[in-house]
Amino acid sequence: MEMIMHPFDNFPQLEIISLPSIRIPSPPRNPLPAMSEKIANVNDGCIRSRKLKWFAWGTGGLIVFIGLLVFVVFLVLHPSKPSFNLEDVTVYQFNVSKVPPYAITIIMQVTLSSRNPNSRIGVEYQPLHVYATYRDQQITMAYLLPPTYQGHKEPVVWSPPLTGYDMPISPYSQQSLDQDWHAGVILMNIKLQGDVKWKVGTWISPEYHLYVHCPANIRFGDLNNGGPNLIKGQPVDHCDVEIAS
C-alpha cells in the first residue's frame with residue numbers, strides 16, 4: 001500500500017515560542033469632571049461667603065441707621081435737664097470741737113425732690129451720692145441713692161439720712177464756724193453727684209455727669225437759748241443743676 005506524503009511534511013518543524021503578555025495601559029481618566037466638581041464647590045463657597053457678608057453688612061447698616069435715627073430724634077427733642085428742690089432739712093445733732101483738731105459731728109436728714117420736664121424723654125439716674133458741705137468741706141459721709149428711673153413729667157423724692165462723726169475741718173473753717181455760730185445761722189450745702197442717662201423709646205444715651213448744689217440755712221437760735229435739739233433748716237434758693245458729658 002502506497003503511502004501518500006503531505007506536501008508540508010518535508011518542511012522542518014517549527015518551534016512555538018511563547019511571548020510574554022504585554023499589558024496595554026488603560027487610557028488616562030479624564031480630569032475635567034473632578035476639576036469641574038472642585039470648581040463648583042469653590043463657587044458654592046464663594047456664593048455662601050458673599051451672602052454672609054451681605055447679610056452682615058445689611059444687619060450692621062440697619063442697626064446703624066436705627067441708631068442714627070433715634071439720635072437725630074434725640075437731638076430734635078433736645079432734652080431739658082431735670083429740676084431739683086431741697087424740700088426739708090432736719091438736724092438732730094450738731095457738735096463742734098472748740099480745740100484742735102477741729103471737727104464736726106452732725107446727724108441730719110434731708111428731703112430732695114426732682115422733676116423731669118421732658119414729655120417724651122425719660123431719665124435714668126445711676127447711683128447718686130448725697131452729702132453735706134460747709135465752706136466746700138465735706139462734713140457728712142456720702143449716702144448712696146439706688147438707681148432710679150424717672151418717666152415723662154414724673155417727680156421723684158428722696159429722703160436720705162446724712163451723718164458725720166468727728167469730720168475734720170480746717171482752722172480757717174473753724175474760725176468762720178465760730179462766727180456763724182454766734183450769729184445763730186450756718187450756711188450749709190447739700191450736694192448730689194452721679195451719672196444720668198436719657199432714654200427715648202428703647203434707645204439709651206451714654207452717661208452724663210450730674211451735679212446738684214442746694215444751699216440751706218441752719219438756724220441755731222433755739223440751741224443758743226436752751227431750746228430743743230431739733231433744728232429745722234431753711235432752703236436759701238433753688239438748687240443749681242449742671243449736666244456735663
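# Reading strands, a core and a disulfide

Student: I'd like to start with strand S4 (residues 128-134): how many of its seven residues are buried?

Tutor: Six of the seven residues of S4 are buried, so the strand is mostly covered. Buried means under 20% relative accessible area, exposed means over 50%, and partly exposed lies in between (1.4 Å probe, protein chains only). Helices (H or I, at least four residues) and strands (E, at least two) are DSSP runs, numbered from the N terminus. Please keep in mind that this is a predicted model, in which local features need pLDDT of at least 70 and side-chain atom pairs count only at pLDDT 80 or more, while totals for chains, interfaces and linings use all residues. Residues are numbered from 1 along each chain as its sequence is written, and side-chain values use heavy atoms, with hydrogens and water left out.

Student: Which strands are joined to S4 by bridges, and how do they run?

Tutor: The general idea is that two strands pair if DSSP finds at least two bridges between them. S4 has five bridges to strand S10 (residues 185-200), and the two run antiparallel; here histidine 129 has glutamine 193 as its bridge partner. Strand S6 (residues 143-145) is also antiparallel to S4, with three bridges, and leucine 128 is matched with leucine 145. Strand S5 (residues 137-138) is joined antiparallel to S4 by two bridges, with threonine 133 opposite glutamine 138.

Student: What lies between S4 and S5?

Tutor: These strands form a hairpin with two residues between them, and arginine 135 in the turn has a positive phi of about 50°.

Student: How many residues are in the largest nonpolar core?

Tutor: A nonpolar core is a set of buried Ala, Val, Leu, Ile, Met, Phe, Trp, Tyr and Cys residues joined through side-chain atoms within 4.5 Å. The largest one has 42 residues, and those with the most contacts inside it are Phe84, Leu86, Phe94, Met108, Ile190, Leu192 and Leu210. Strands S1 (83-96), S2 (103-115), S3 (122-125), S4, S8 (155-158), S10 and S12 each give two or more residues to this core. The largest share, seven residues, comes from S10.

Student: Which residues does methionine 108 touch?

Tutor: Contact means heavy atoms within 4.5 Å. Not counting residues up to four places away in sequence, methionine 108 touches Val89, Thr90, Val91, Tyr92, Ala132, Thr140, Pro161, Leu162, Met188 and Ile190.

Student: Is isoleucine 218 buried or exposed?

Tutor: Isoleucine 218 is in strand S12, and it counts as buried because its relative accessibility is 0%. Its C-alpha is 6.3 Å from that of leucine 187, although the two are 31 residues apart in sequence.

Student: And is glutamine 109 buried or partly exposed?

Tutor: Glutamine 109, in strand S2, counts as partly exposed because its relative accessibility is 29%. Its contacts beyond four places in sequence include Asp88, Tyr92 and Pro160. By contrast, glutamine 174 in helix H2 (residues 171-183) is buried, with a relative accessible area of 2%.

Student: How many disulfides are there, and which cysteines form one?

Tutor: A disulfide is a covalent bond between the sulfur atoms of two cysteines. The rule used here asks for a pair of cysteine sulfur atoms within 2.5 Å, and by this rule the count is one. Cysteine 214 and cysteine 239 form it, with their sulfur atoms 2.0 Å apart. The torsion about their S-S bond is about 115°, so the disulfide is right-handed. The pair links distant parts of the chain, 25 residues apart: cysteine 214 is in strand S12 (residues 208-219), and cysteine 239 is in the loop between strand S13 (231-235) and strand S14 (240-244). Both cysteines are buried.

Student: Where does pLDDT stay under 50?

Tutor: pLDDT is the predictor's confidence in each residue, from 0 to 100. It stays under 50 over residues 222-228, for which the model has eight contacts beyond four places in sequence. Among the elements, helix H3 (residues 221-224) has the lowest mean pLDDT (50) and S6 the highest (97). The mean for the chain is 80, with 71% of its residues at 70 or more. Where pLDDT is low, the predicted coordinates should not be read in detail.

Student: How many helices and strands does the chain have?

Tutor: The chain has three helices and 14 strands, and buried residues make up 32% of its 245 residues.
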